[in-house]
Amino acid sequence: MNESMKRGEVSIVEQPMLEVQGLTKIHGPGCPHCIKLTGPEMGGNRCPQCGSIVACADVDLTVYPGEIVGIIGESGSGKSTLMKCLHFDESATAGNVYLSKMGDGQVNLFDLSLQKKRWICNHLIGIVYQNPIMGLRLDFSSGGNIAEKLIAADWHNVGDIRQRAGYLLKRTEIPLTRMDDLPRNFSGGMQQRVQIAKALANDPPLLLLDEITTGLDVSVQAQILDLIRQLKRTLGITMVVVSHDFGVIRMLTERTLVMKDGRVVEQGLTDQILEDPQHPYTQLLVNSML
Ligand SMILES: Nc1ncnc2c1ncn2[C@@H]1O[C@H](COP(=O)(O)OP(=O)(O)OP(=O)(O)O)[C@@H](O)[C@H]1O
């Protein structure tokens, strides 16, 4: 879906950076009734016929270059599943995903070989997980974690790799003196910073952030959110941010999708959703913030 924007006399059709169509993920055998017997109106995501879990159903998402789009919903609503499918950590049951930087946005990424998907994860899509164990090797040095990503993108010169790792650690406000230390011995906030540095290693145009401040102290949360805003300002990087916390979504995003029981129940400008939520579930989420 292209969006037409008028700037002065010129009409510009902007190509989305990311386009997701009908993404569906079913855990279990699945049956012809899974989709129609689950969802917010049916009161849950477990199919009463076959017992499968419909983690995501028919999710559409369009993200334009430089945008930060938020995905909010309670635990179990399918947010992480969506991110994991976009990063190929899990295979989707159905759906198409297009990235403007891959085949000029005409290639369904889900149809690509494992090797190409790995290449995309090393060059085009960075991810930061809630749990640092998923994104870091805690027993490699922080510099080593970044080096791993650079080597996967064909960096060979040790001096260059060390210099790039140092630059990224500095950008994410990790003291260079900690470059050879193990993330296992870092605080939660520092581990998230190293994860961010690693995710940025090869300048991916798209960054996926999955609940990256959940479980951190409020002051550390604020510092990490500040870092993300700074990265957006300076690098103009496009991001999809998942959170169950409207405070995080409000601080970072321009547009938001609200998910419940694997479905998108509402979407729009974040400010509008916060001021005038339409779906009863969104109203509940917004009211719980007050
Ligand atoms: N491997 C799996 N097998 C079966 N069900 C799963 C599996 N992984 C996730 N689910 C289910 O899929 C649904 C969506 O999970 P998901 O982790 O995407 O939710 P979420 O919105 O990210 O929640 P949270 O914030 O707690 O991670 C949940 O009901 C979850 O229990």
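This report walks through the pockets, cavities, ring contacts and a few individual residues of a predicted model.

## Before you start

The model is predicted, with local features needing pLDDT of at least 70 and side-chain atom pairs counting only at pLDDT 80 or more, while totals for chains, interfaces and linings use all residues. Residues are numbered from 1 along each chain as its sequence is written, and side-chain values use heavy atoms, with hydrogens and water left out.

## The largest pocket

Let us begin with open space. Rolling a probe the size of a water molecule over the atoms shows where empty space is left. Here a 1 Å grid over the protein atoms alone is used: a pocket is an open set of points with protein on both sides within 12 Å along at least five of seven lines, a cavity is a set of points where a 1.4 Å probe fits but cannot get out, and lining residues have an atom within 4 Å of a point. Grid points are joined across faces, edges and corners, and a volume is the space filled by probe spheres set on the points.

The largest pocket has a volume of about 420 Å³. Its lining holds 20 residues, and those closest to the centre are His 87, Cys 121, Ile 127, Tyr 129 and Lys 149. At least two lining residues come from each of helix H2 (114–123), strand E7 (125–128), helix H3 (132–135), helix H4 (142–152) and helix H6 (188–199); helices (H or I, at least four residues) and strands (E, at least two) are DSSP runs, numbered from the N terminus. H2 gives the largest share, 5 residues. By class, this lining has 8 nonpolar, 5 polar and 7 charged residues, where Ala, Val, Leu, Ile, Met, Phe, Trp, Tyr, Cys and Pro count as nonpolar, Asp, Glu, Lys and Arg as charged, and the others, Gly among them, as polar.

## Two cavities

Now for the closed spaces: the structure holds 2 cavities of 30 Å³ or more. The largest cavity has a volume of about 60 Å³. Its lining includes Leu 209, Asp 210, Leu 225, Val 241 and Leu 252. Strand E8 (206–210), strand E9 (238–243) and helix H8 (246–252) each supply at least two of the lining residues, and the largest share, 3 residues, belongs to E9. The lining divides into 7 nonpolar, 3 polar and 2 charged residues.

The second largest cavity encloses about 40 Å³. Among the residues that line this cavity are Cys 121, His 123, Gly 126, Lys 149 and Pro 204. H2 and E7 are the elements that give two or more residues to the lining, with H2 providing the largest share, 3 residues. The classes here are 5 nonpolar, 4 polar and 1 charged.

## Rings in contact

A pair of aromatic rings is described by the distance of the centres and the angle of the planes. Rings of Phe, Tyr and Trp (its six-membered ring) pair if their centres lie within 6.5 Å; planes under 30 degrees apart count as stacked, over 60 as edge-to-face and the rest as tilted. How many aromatic pairs does a search of the whole structure find? The search gives 1 aromatic pair. Its members, Phe 88 and Phe 110, meet edge-to-face, at 6.4 Å centre to centre with 80 degrees between the planes. Phe 88 is in the loop between helix H1 (79–86) and strand E6 (94–99) and Phe 110 in the loop between E6 and H2, so the pair ties together parts that are 22 residues apart in sequence. Both Phe 88 and Phe 110 are buried (under 20% relative accessible area; exposed is over 50% and partly exposed in between, with a 1.4 Å probe and protein chains only).

Another ring has a charged neighbour: the charged end of Arg 137 sits over the ring of Phe 140, 5.2 Å from its centre. Sitting over a ring requires NZ of Lys or CZ of Arg within 6 Å of the ring centre and within 35 degrees of the ring normal.

## Residues to look up

Most residues other than glycine have a negative phi, and most peptide bonds are trans. Asp 154, in contrast, has a positive phi near 70 degrees. Asp 154 belongs to the loop between H4 and helix H5 (158–171) and is exposed, with a relative accessible area of 57%. Glu 173 also has a positive phi, of about 65 degrees. Glu 173 lies in the loop between H5 and H6 and is partly exposed at 44%.

Gln 221 lies in helix H7 (residues 218–235) and counts as buried because its relative accessibility is 18%. A polar atom of the Gln 221 side chain lies 3.2 Å from the backbone oxygen of Leu 216.

Technical notes. Polar contact = N/O pair within 3.5 Å; in protein donor to acceptor, adjacent residues only side chain to side chain.
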